[in-house]
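Thank you all for coming; I would like to walk through a structure that is new to most of us, taking it slowly and one part at a time. Please have a look at it before I begin.

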Amino acid sequence: MAVKNKKLNLKDKYQYLTRDMSWEPTYQKKEDIYPEERFEGIKITDWAQWEDPFRLTMDAYWKYQAEKEKKLYAIFDAFAQNNGHQNISDARYVNALKLFLSGVSPLEHAAFQGYAKVGRQFSGAGARVACQMQAIDELRHSQTQQHAMSHYNKHFNGLHDAAHMHDRVWFLSVPKSFFDDARSAGPFEFLTAISFSFEYVLTNLLFVPFMSGAAYNGDMATVTFGFSAQSDEARHMTLGLEVIKFILEQHEDNVPIVQKWIDKWFWRGFRLLSLVGMMMDYMLPNRVMSWAEAWEVYYEQNGGALFKDLERYGIRPPKYQDIANDAKNHVSHQAWATFYQYGHATNFHTWMPEKEELDWLSEKYPDTFDKYYRPRFEHWAKEHAEGRRFYNNTLPQLCQVCQIPTIFTEKDDPTMLSHRQIEHEGERYHFCSDGCCDIFKDEPEKYVQAWLPVHQIYQGNCEGGDVETVVQKYYHINIGEDNFEYIGSPDHKRWLSIKGKSTDEKAENANKDAA
Amino acid sequence: MSIEIKTNSVEPIRHTYGHIARRFGDKPATRYQEASYDIEAKTNFHYRPMWDSEHTLNDPARTAIRMEDWYAVTDPRQFYYGAYVGNRAKMQEATESSFGFCEKRNLLTRLPEETRKKLLRLLVPLRHVELGANMNNSKIAGDATATTVAQMHIYTGMDRLGIGQYLSRIALMIDGNTGAGLDESKGYWMDDNLWQPMRKLVEDTLVVDDWFELTLVQNILMDGILYPLVYDKMDQWLEGQGAEDVSMLTEFMRDWYKESLRWTNAMVKVVAGESDANREMLQKWIDTWEPQVYDALKPLAQASVGIEALDEARAELAARLKKCSLQSQGVSA
């Protein structure tokens, strides 16, 4: 045996237990074994320089994760046994869970599939192993979320067919197309999109608000899941940072490619987060913080520090960051106004904020809420009180890239809708912003393929031309149970009976008239 | 007499999710069911993958095997993530105590030089085979559509990484944690004639595109001969070489393989039973790959347990396949 006396340190030992099991192939060509590693133009000169973002051998993984699962499921069992759903702040809160289960949980599963794929695609075994660990973690999250919400599904409407809805419902094409975009890209873009932009930069604005919302609103099942997933998320974040630094350090030609991806995925992420913003400002009976405050802390401050740190690699903050920063005072209100109008086509209920909630919004958004949004909301509340709950029966124009209706406004004029359009090979395409329009222009052949829900309805691909048929038959939204106004809904009535209060008949009648 | 705690019982409005109820009826579902059925995206994909524009994302056509419903393939162990890690945590606890026992008593460092060399040459290089299995199963998990199928493969993929790590630790125990044993062992994998047919076979599997062909080759044909040969027959042979303590360190692999037979057998049975076309496809793949697996293991058998033992392992596989009306050369007609 070769003379080698020095005992391995932890880092080297972990390398022996992971990447050293890999070898340079000689019977098959490397490019045939890893055919997807080069087409994006990213140059990797030496995978040996990959720094393992965490060192976790499988035996330790099984042990820690099993301990976490054991505790988690003990809470789930206790929650169900004691009818924990009766102890939440208010049944309106459950609507945030409906949004989460149909909008976010399917992404966890897509992440599992995506990471399993990249966990095979890289020729660097260290990176592969880190991605595989994230793959199985994401599977965990997708499954534990099903279990965490399972009890709610037994007592509230709208949680009953999340994956089916995710594939079809108009606003769920926003998160779905986001992830499809990442999964259909190459492995390096996938990691830049999901590990870096999504997990590292934006996770505090996506995953965390839902979990904090659960904590503030007495939802023991979901918040326990959140805490249990925290150490997984920490691993995923360190992978995100390592990925970006590794790619940038490998070759200077990678810098402009990565910059382009950061610009794109920042913007796509920012648009996706409109849904979270509205959840934070409108759907939580006990509010955690305003969307604008969250954006300031987690993007402007933390993100600012991150991009300062990345400056030495030649990376600048994402393009259109200024527009996103400005929009923090608008997007949640614009999104909620839209969902309120289209509440007949959602798997969750909508409502107008109560007086003290309006006051909270006025206080949190002193420059915008009273001026642009409060009057509209008060008008709608009045209409509702008079038996005319407002629903918009015209299908909206969707952005070709983010797939959100073109509801957002210009940075310099909040009374002007932001709308861009271009012609591409004889067809006209519409966008919500320069950010989305730029993304299209860079890869038109990709974005012309988008499955736009409104177009699909009009083309007759959703089991019918009228909204009611689409909603009921194609979406599996149970009309009169899952959708429409919260006040007077079956969920609302059930909640009142849990709390020993009688149904407010006046509100119920008002709802019936409008529906 | 029994005590009775009064609870406030609440009638649920439904017993499970709609997609679970459509399969099993609206009754309380198991955790396995709610975690495993119909939670993946199935339709209305937005963009074709840039790495495979012939297919959509989650395209069932990524294999030549056709199933009316891939969810017909289920896991007899009912493993969802929580059940999986719970089970493996128990297995690793037992393994850890065996490793601790060997380490404490210096059982491997006391072996004769000749025996240590045999372990490094004949057993430890299998860590590379495990890494190949890890890669293949990660690919399958990414390509398979139904979650019942995909999850079995990511669990197996991670298991294979773990088994590779246990094999590596055997070498680290032999070399006193310096890595020299692993370097030596990797040298055999790369250059020793004994391993070249096997290394070629593993590299050949790494370019297989059809994921069901790959699971058949990796998890049924290769493992189906290799595991009985190495962890059963070679294990007994090593005992005769004075390395009986190693047996404690490969107990995990024996338990693991026995358990894996449950899902691999069930999967092949369902897929082969679906249609003649599927069975013919599987048969064609078996005809192509099974002899290669046998040939690749010949040198290892010759250097240890002998060809007869290899033939016995091959017959074991043939008997399994026969239960699914599939033939292999392991058994004369």
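Before I give a figure for contacts, I should say that two residues are in contact here if their C-beta atoms, placed from the backbone, lie within 7 Å. With that in mind, and remembering throughout that this is a predicted model, let me start with chain B, where, among the contacts between residues at least 6 apart in sequence, 71% join residues at least 24 apart. Chain B has 13 helices and 0 strands, and of its 333 residues, 51% count as buried. Along the principal axes, the C-alpha atoms of chain B fill a box of roughly 70 × 60 × 45 Å.

Let me now turn to the place where the two chains meet, a contact to which chain A gives 73 residues and chain B gives 72 residues. On the side of chain A that touches chain B, the elements giving two or more residues include α3 (58-81), α5 (105-121) and α6 (125-155) of chain A, and the largest share, 14 residues, comes from α6(A). Sorted by class, that side of chain A has 25 nonpolar, 25 polar and 23 charged residues.

Finally, I would point to a hairpin in chain A, in which strand β3 (residues 420-424) and strand β4 (residues 427-431) pair in the antiparallel sense over 5 bridges. Within this pairing, Gln421(A) stands opposite His430(A) in β4(A), while in the hairpin, which has 2 residues between the strands, Glu425(A) takes a positive phi near 45°.

Terms used: Residues numbered from 1 in each chain as written. Chains lettered and ligands numbered in written order. Predicted model: local features only at pLDDT ≥ 70, side-chain atom pairs only at ≥ 80, totals over all residues. Helix = DSSP H or I, 4+ residues; strand = E, 2+ residues; numbered from the N terminus. Buried ≥ 20, exposed ≤ 12 C-beta atoms within 10 Å, placed from the backbone. Nonpolar A, V, L, I, M, F, W, Y, C, P; charged D, E, K, R; others polar. Pairing = 2+ DSSP bridges.
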